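Student: Before we discuss this protein, I should like to see its sequence and model. I shall then ask how each label is justified.

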Amino acid sequence: DYNKLSKDPVFNKLVRRLDNVDLSSLKNKNARLAFWINTYNILAIKIVLDHYPIESIKDAGSLLSPIWKKVAGSIGGTQRSLHEIEHDILRKIGDPRIHSAIVCASVSCPDLRRESFKEGYLDSQLNDQFIKFLGNPMKGLRVEKNKLYLSSIFKWFKDDFDLKGGIRVFLPRFVDNKTQKVIASRKLHV
């Protein structure tokens, strides 16, 4: 409910607090991942609110100046874009499950989690988020006539999954036995 959220003083305070975050306090990988995933999602929502009402977050940018590369907010005193957070920070941490956790405020994106990601629970939260993403046939994957159709995310970020052995190695632990067999059968359509 973007209209309601735009008037929420707690959300606006949260966005302002990001500017004062001490990034050196993020001592380990899970702390950094949780912080930057949450920050990406907060700023994606903020962009929509800053331009509300709009049909798509992409409407806040243009072909020559895409919204992903525009400044989304100040984090620890540094202006950041969603592109920087995703590509220069999150992807470099090396966990491809992030692609089910960062949400670009579009219907085609993975669903926004109803809770923030937390350092102490991050592994189970990311597993759960990835399973839910894959389990949504309109977003993650679907099986039709023994063929597996995957989200474009797996094509766009193939390198991230390749670092973990590729999608044939990475995906099976997040899907049911039937889908595992389709993955193994080499009938993938990305």
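The dialogue below takes up salt bridges, burial, a disulfide and a strand pair.

Tutor: Please note that this is a predicted model, in which local features need pLDDT of at least 70, side-chain atom pairs count only at pLDDT 80 or more, and totals for chains, interfaces and linings use all residues. Residues are numbered from 1 along each chain as its sequence is written, and side-chain values use heavy atoms, with hydrogens and water left out.

Student: Why is the contact of K139 and D111 called a salt bridge?

Tutor: A salt bridge requires a side-chain nitrogen of Lys or Arg within 4 Å of a carboxyl oxygen of Asp or Glu. The N to O distance for K139 and D111 is 2.6 Å, so the pair meets that definition. The pair connects distant parts of the chain, 28 residues apart: K139 lies in the loop between α5 (122-135) and β3 (141-144), and D111 in the loop between α4 (82-93) and α5. Helices (H or I, at least four residues) and strands (E, at least two) are DSSP runs, numbered from the N terminus.

Student: What makes K139 buried, and how is D111 classed?

Tutor: Buried means under 20% relative accessible area, exposed over 50%, and partly exposed in between (1.4 Å probe, protein chains only). K139 has 16%, and therefore counts as buried. D111 has 44%, so it is partly exposed.

Student: Which residues are linked in a network of salt bridges?

Tutor: The network links R113, E115, D128 and K132. Within it, the side chains of E115 and R113 meet at 3.0 Å, N to O. R113 is buried because its relative accessibility is 16%, whereas E115, at 38%, is partly exposed. The structure holds ten salt bridges; another one joins R97 to D95, with the closest N and O atoms 2.7 Å apart, and both of these residues are buried.

Student: How do you know that C104 and C109 form a disulfide?

Tutor: The definition asks for a pair of cysteine sulfur atoms within 2.5 Å. The S to S distance of C104 and C109 is 1.8 Å, so the criterion is satisfied. The link is right-handed, with 50° about the S-S bond, and both cysteines are buried. A search of the whole structure finds one disulfide.

Student: What makes β3 and β4 a strand pair?

Tutor: Two strands pair if DSSP finds at least two bridges between them. Four bridges join β3 to β4, so they qualify. The strands run antiparallel, and L141 has L150 in β4 as its bridge partner.
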